[in-house]
Amino acid sequence: MMYNSTRSSDVLVTSAQAITRGIAGDGGLFVPDSFPPLTRFDFMELQKKDYASRAAFILSKYLTDFSYDEIVECTALAYNNNSFVSESVAPLCPLDDRLYMLELWHGPTCAFKDMALQIMPHLMCKSATKTLNGKSIVILVATSGDTGKAALEGFKDADKTRIIVFYPEDGVSPMQKLQMTTQEGANVAVYGIRGNFDDAQSGVKAIFTDTDVSKQLDSNDMVLSSANSINIGRLLPQIIYYISAYCDLINKGKIKQGDSINIVVPTGNFGNILAAYYALKMGLPVNRLICASNRNRVLTDFINSGVYDKNRSFYTTSSPSMDILVSSNLERLLYHLSDNDSSEIRRLMEQLNKNGCYCVSDSVKSRINSLFEAGSCDDNETAMTINDVYKQYGYLCDPHTAVAVNVYKQYLNKSGDSSATVIASTASPYKFSYSVLQALGEKASKTDDFENMEKLHQLTGCEIPKTLKAISGKPIRFTDVCNAVDMKNVVFKTLNIDGQ
Ligand SMILES: *Cc1c(COP(=O)(O)O)cnc(C)c1O
């Protein structure tokens, strides 16, 4: 298996190279040159395995420059290491006979980002050994709230690695901010930026393609990489849980091999739902992929019209990890759906850069609509959904997951489609106690999120994740805030490089 850039057909690298580089030199994203098919027999084998072994089996199809032993070492460290509270790692929780919550937040930072970021540092480390000749890696992360913490936890004190995280100063939940500003580890740095996630993400992308930066780092024996979902090393581990959930549904007797399911994903940067598309391309029987957005409904409009237009107001919502107007991973979907036409992708991305919008061809549009549904809801509807789901099913969901439930219900009303449906439950409600309490009609404290957690616990009896509770005693280490245009200098300063 080799990896291409979405923006030029002459780039061809191994998985280890794709993982250490993070993004292609032409600004494109690395994509696998094919989708390894899963046979009926593979599915039967996978059903018998635990999560870590399913992971090893699936990853081995993509990481063909890794030995099977190397992959098993990584999957065991990530998924058999008690870092996930649930024994099944990604448990399925039924709401009714056809609706299942795929809980992806039992890792150390209580959001789905752990599913990939618990294994990616191990993959990165092995990739570096294969490709970097002893250079150290500098991981740059732009975060809308959850990736930053999950990457910090995954990479803290990792050998020959530095990690620098940028988050929008006023665009994350109180708990998300505390999780990052109290981060431990000798190789970590965290900065707020004055701006939103898109500013942070384009700042990071600009640093990646800045030859001055790569020269300066190179002369200090460092290379840049990314822990965002632009890195294929983030995306591949996310395929696993969709296939795993399907196996679990068969094992529970809820579906038969070959039955199609719907998958609903609360979406921001389009990484999680793209992983579901990759699973579909490998042979997972999927009826509809349902893309759920909050008030920043740029993807809803795109999927329904074929026009991507980021020229619109940006809203800060109760589901901050989805407050995004430039969804990076959409580039990968467009590449696959346009029969790997990299010059077309280059053209679309240039238009996005220049005019903030582009329009896809009729054939790409109709391919999108043959697979994807899209819908959105605002903060009021999100809050109502949190309340309804709790009242109806006794299930407490976070605002991101509630957006997905709301959009699924819209789809169900419209289509009457009764296929078994898996909703990606992407964060613990306790990461967003303030919004969740208010949604349940309770008063919430603006200043003390630990009080909110405790109150939510008293009210619902749901267990508070230990890792969130533990933050209350930790000192704040990182308070610096910078402008997006200064990110490059901040990186140099953090690394003690004289950039002038
Ligand atoms: C990151 C995140 C999302 C969005 O996932 P994408 O892969 O960026 O589409 C949704 N919910 C939560 C809780 C997240 O942390």
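**Exercise 1. Which backbone atom of phenylalanine 270 lies 3.1 Å from an oxygen atom of the ligand?** Work out this contact in the predicted model, and then place it beside the other polar contacts of the ligand.

*Solution.* Begin with phenylalanine 270, where a backbone N or O atom is found 3.1 Å from a ligand oxygen atom, a distance that falls within the 3.5 Å limit for a polar contact. Next take glycine 268, which also offers a backbone N or O atom, here 2.8 Å from an oxygen atom of the ligand. Then turn to lysine 113, where an N or O atom of the side chain lies 2.6 Å from a ligand oxygen atom. As a last step, consider the surface of the ligand: taken alone it exposes 390 Å², and the protein buries 98% of that area.

**Exercise 2. Describe the shell of residues around the ligand.**

*Solution.* The shell holds 15 residues, and those that come nearest are Lys113, Asp146, Gly268, Asn269 and Asn272. Sorting the shell by class then gives five nonpolar, eight polar and two charged residues.

**Exercise 3. In which cavity does the ligand sit, and which elements supply at least two residues each of its lining?**

*Solution.* First count the cavities: there are three of 30 Å³ or more. The ligand sits in the largest cavity, which contains about 270 Å³ of space. Now examine the wall of the largest cavity, which is made up of 28 residues, with Phe112, Lys113, Gly268, Asn269 and Ser321 lying nearest the centre. At least two lining residues each come from α7 (146–155), α11 (232–251), β10 (261–266) and α12 (271–282), and the largest share, three residues, belongs to α12. By class, the lining of the largest cavity consists of eleven nonpolar, 14 polar and three charged residues.

**Exercise 4. What is the volume of the largest pocket, and which element gives the most to its lining?**

*Solution.* Start with the volume of the largest pocket, which comes to about 610 Å³. The lining of this pocket comprises 24 residues, of which Arg7, Ser202, Lys205, Val326 and Asn353 are the closest to the centre. Two or more lining residues are given by each of α9 (197–208), α14 (330–337) and α15 (342–355). Among the contributors to the pocket lining, α9 gives the most, with six residues. To finish, sort the lining of the largest pocket by class, which yields eight nonpolar, seven polar and nine charged residues.

Methods
Residues numbered from 1 in each chain as written. Predicted model: local features only at pLDDT ≥ 70, side-chain atom pairs only at ≥ 80, totals over all residues. Heavy atoms only, no water. Near = heavy atom within 4 Å. Polar contact = N/O pair within 3.5 Å; in protein donor to acceptor, adjacent residues only side chain to side chain. Areas by Shrake-Rupley, 256 points an atom, 1.4 Å probe, with all protein chains shown as cover. 1 Å grid on protein atoms, 1.4 Å probe; cavity = no way out; pocket = protein on both sides within 12 Å on 5 of 7 lines; lining within 4 Å. Sits in = over half its atoms within 2 Å of the grid points. Nonpolar A, V, L, I, M, F, W, Y, C, P; charged D, E, K, R; others polar. Points joined across faces, edges and corners; volume = space filled by probe spheres on them. Helix = DSSP H or I, 4+ residues; strand = E, 2+ residues; numbered from the N terminus.
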